[in-house]
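Trainee: Before we look at anything in detail, could you show me how to read a ligand shell, a domain assignment and a helix pair?

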Amino acid sequence: MPAYHPTTIRLHSNNCPHAVELWKLNTPYDRSIFHTGVIAHAILEEIGKNPDKDARQVADKIVEKYCSEGRAYDSIPEPPAPLADALEGAKLALDWHRKFPVPFGDGITHEHPFAFTDQWASVDYNDKTAKFRTLLDVVEIHEEYNSDTGETHTRAIIRDYKTSWVATYDELDSFQRRCQAVVVWLFYRPDFITLEIANLRLRCNFFKEIDCHAQQNMLQEWQDNISTAIRTLDKQLNPNPGAGCVQCQYSPYCEYFDSMYKSDDVYRKYIAAKEIVAKLEPQIRKIHKAKPPKRIGLGLVGYAQKKRKKILPTAQQTILQKWTEQDGTLHELFASMDLSIRVVEKIARKITSSKKEREQLIQQITKEEPYSSFGIHKDK
Ligand code: SF4
């Protein structure tokens, strides 16, 4: 049986057990959606490992290599990346490095490999007895002196670079994050762990601290959960087609997905159709970015020119002028306006001086309420 990654275990819960079976069979899947993120990661790693080199030149070399030779992931070769995706990845990495220079030096490891046997003995990443493997973007180990207590403690910082807009606070409690905390806890036995999401698109960090002594039971429970997952994945796994097929990397290669699409069950057919559209639309969008739409039968597929109303930059001034001409006050004008969440957040950013203050204000002036949202809702 193979060594599992956190992402393999996630296939079981996010998609279905059969997705793990397809993974075990090395079923190929489309990795092109990962190009931008892969290149951004590779550039940040190289900058961290070569602090004396010019970051721009480091990025250019990675782009040239990944767009000509391609790369290998876990010894499986991948085709070259499209130049546009690579350049986007390079921009994300360089912009990040400009704002948060990539750290280097003693105790800092970029692309830190971890591997463990089924009894949680640490082994080399490619060791045949490994049962659980993971590569962490950055691990920093620091000794910190507490002048109040006179004690020194060890802090491990685990940094995960993310290129998705939606990777924020919630991501700090994901299964992947728990796996990262467990492997660093077992390997370094630190006193504290700081989990960090470095969101390259949002250009901001999200943190969570774990006190490894006070929260030892929690870490132990996370470790036990990984052991249970590994034992489960070693078994023959039956398929469970359904909502999990949405965003399943194996849907184009899965017989159970095909049966679902061909079934007479309107719900199953609907799920399959949504997944097919989700896979096809990005491809068609990409083709037609610089191409006219394609005629199919009585209509066109691609981008069509349409018109919509946009508010001019002078609109606020014009409205204010007309309002005051009719003796209206600013207070009355403000009271007559419908505020959207987006506008409230924008104003809050301008009138507060810290993130905490902003969040408190937004909490004070907004409320959550239930509403009915139609679609496919996956189990959490
Ligand atoms: S497509 Fe659906 S049935 Fe097939 S592996 Fe993915 S989740 Fe499972």
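Mentor: We shall take the domains, then the ligand, then one pair of helices. This is a predicted model, in which local features need pLDDT of at least 70 and side-chain atom pairs count only at pLDDT 80 or more, while totals for chains, interfaces and linings use all residues. Residues are numbered from 1 along each chain as its sequence is written.

Trainee: Which domains does the domain assignment of the chain give?

Mentor: The bounds, which come from an automatic or database domain assignment, give domain 1 (6-233), domain 2 (243-301) and domain 3 (316-363). The C-alpha centres of domain 1 and domain 3 lie 41 Å apart.

Trainee: Which residues come nearest to the ligand?

Mentor: A residue counts as near if its C-beta atom, placed from the backbone, lies within 6 Å of the molecule. Of the 15 residues around the ligand, the nearest are Cys16, Pro241, Cys245, Cys248 and Cys254. Two or more residues each come from helix H2 (17-24) and helix H8 (255-262), helices being DSSP runs of H or I with at least four residues, numbered from the N terminus. H2 gives the largest share, three residues, and domain 1 and domain 2 each supply at least three.

Trainee: How should I read the pairing of H1 with H2?

Mentor: Two packed helices are described by the angle between their axes and the distance between the axes. Here the axes, lines fitted to C-alpha atoms over the stretch in contact, with angles from 0 to 180 degrees between N-to-C directions, come within 6 Å and cross at roughly 145° for H1 (residues 6-14) and H2. Thr8, Leu11 and His12 of H1 meet Pro17, Ala19, Val20 and Trp23 of H2, contact requiring C-beta atoms, placed from the backbone, within 7 Å.

Methods. Contact = placed C-beta atoms within 7 Å.
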